[in-house]
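Here's a quick briefing to read with the model open in your viewer. Skim the lead, then pick whichever topic you care about.

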Amino acid sequence: MDTILIADILETLMILSFGVSWPLSIYRSYKSRSTQGKSVLFLFCIAIGYICGIVSKLMGDNLNLAFWFYIPNVIMVSTDICLYFRNKKLEAKSGK
């Protein structure tokens with residue numbers, strides 16, 4: 001197997017592994033209606049990391065399989081960020 005192919009497979013598995021946790025995080029954020037246990041700074045750092053990965057792939061003209069998994073991951077993290085701010089408003093209204 002080609003070294004570049006193995007590196008692409010490993011990168012894809014890394015992105016998939018990270019991506020598995022986001023639906024659960026989104027669900028918990030939506031249902032709990034709370035920001036407790038969330039760090040919006042952490043979420044922004046993750047989103048920026050995914051965006052850097054996307055830009056890197058575009059600049060290097062390397063739209064491999066991993067590239068296509070960066071996109072749903074950044075969408076899911078962005079969704080969790082939006083839920084954070086929604087929950088922050090809900091907490092403010094309820095006086096928490």
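What follows is a short lead and then bullet points by topic.

Keep in mind that this is a predicted model. The structure holds two salt bridges and three aromatic pairs, and there's a nonpolar patch on the surface made of Leu5, Ile6, Ile9, Leu10, Leu13 and Leu16. Two residues other than glycine, Arg33 and Asp61, come with a positive phi.

**Salt bridges**

- Lys57 pairs up with Glu11, and their closest N and O atoms sit 2.6 Å apart.
- With Lys57 in helix α2 and Glu11 in helix α1, this bridge ties together parts of the chain that are 46 residues apart in sequence.
- Both partners, Lys57 and Glu11, are buried.
- Asp80 makes a salt bridge with Lys38, with 2.8 Å between the closest N and O atoms.
- That pair also links distant parts of the chain: Asp80 belongs to helix α3, Lys38 to the loop between α1 and α2, and 42 residues separate them.
- How do the two ends of this bridge rate for burial? Asp80 is buried, because its relative accessible area is 0% and the cut-off for buried is under 20%. Lys38 comes out at 24%, so it counts as partly exposed.

**A buried acid without a bridge**

- Asp8 is found in helix α1, and it's buried yet has no salt bridge.
- Which side chain of opposite charge is nearest to Asp8? That would be Lys57, at 4.6 Å; a salt bridge needs the nitrogen within 4 Å of the carboxyl oxygen, so this pair doesn't qualify.
- Lys57 does have a salt bridge of its own, with Glu11.
- Leaving out residues up to four places away in sequence, Asp8 touches Asn62, Asn64 and Ala66.

**Aromatic pairs**

- One of the three pairs is Tyr50 with Tyr70: the ring centres are 6.3 Å apart and the planes meet at 75°, so it's edge-to-face.
- This pair links distant parts of the chain, with Tyr50 in helix α2 (residues 40-59) and Tyr70 in helix α3 (residues 65-94), 20 residues apart.
- Both rings belong to buried residues: Tyr50 has a relative accessible area of 5%, and Tyr70 has 7%.
- Phe67 and Trp68 form another edge-to-face pair, at 4.7 Å centre to centre and 85° between the planes.
- Is each partner buried or partly exposed? Phe67 counts as buried at 5% relative accessibility, whereas Trp68 is partly exposed at 49%.

**Around Phe67**

- Phe67 has its place in helix α3.
- Which residues does Phe67 contact, once neighbours within four places in sequence are left aside? They are Ile54, Lys57, Leu58 and Asn62.
- The C-alpha atoms of Phe67 and Ile54 are separated by 6.3 Å, although the two residues are 13 places apart along the chain.
- Lys57 turns up here as a contact of Phe67, as well as being the salt-bridge partner of Glu11.
- Asn62 touches Asp8 and is also in contact with Phe67.

**Nonpolar surface patch**

- Leu5, Ile6, Ile9, Leu10, Leu13 and Leu16 together offer about 490 Å² of accessible area.
- Leu13, one of the patch members, lies in helix α1 (residues 3-32).
- Leu13 is partly exposed, at 47% relative accessible area; patch members need over 30%, so Leu13 clears that cut-off.

**Positive phi**

- As background, most residues other than glycine have a negative phi.
- Arg33 goes the other way, with phi near 55°. Arg33 is found in the loop between α1 and α2, and at 45% relative accessibility it counts as partly exposed.
- Asp61 has a positive phi too, near 50°. Asp61 is located in the loop between α2 and α3, and it's exposed, with a relative accessible area of 67%.

Note on methods
Residues numbered from 1 in each chain as written. Predicted model: local features only at pLDDT ≥ 70, side-chain atom pairs only at ≥ 80, totals over all residues. Heavy atoms only, no water. Patch = residues over 30% accessible without salt bridge, like charges linked within 9 Å, V, L, I, M, F, W, Y side chains within 5 Å. Areas by Shrake-Rupley, 256 points an atom, 1.4 Å probe, with all protein chains shown as cover. Helix = DSSP H or I, 4+ residues; strand = E, 2+ residues; numbered from the N terminus. Buried < 20%, exposed > 50% of the residue type's maximum accessible area, 1.4 Å probe, protein only. Lys, Arg positive; Asp, Glu negative; His and termini not counted. Contact = heavy atoms within 4.5 Å. Phe/Tyr/Trp six-rings, centres within 6.5 Å; stacked < 30°, edge-to-face > 60°.
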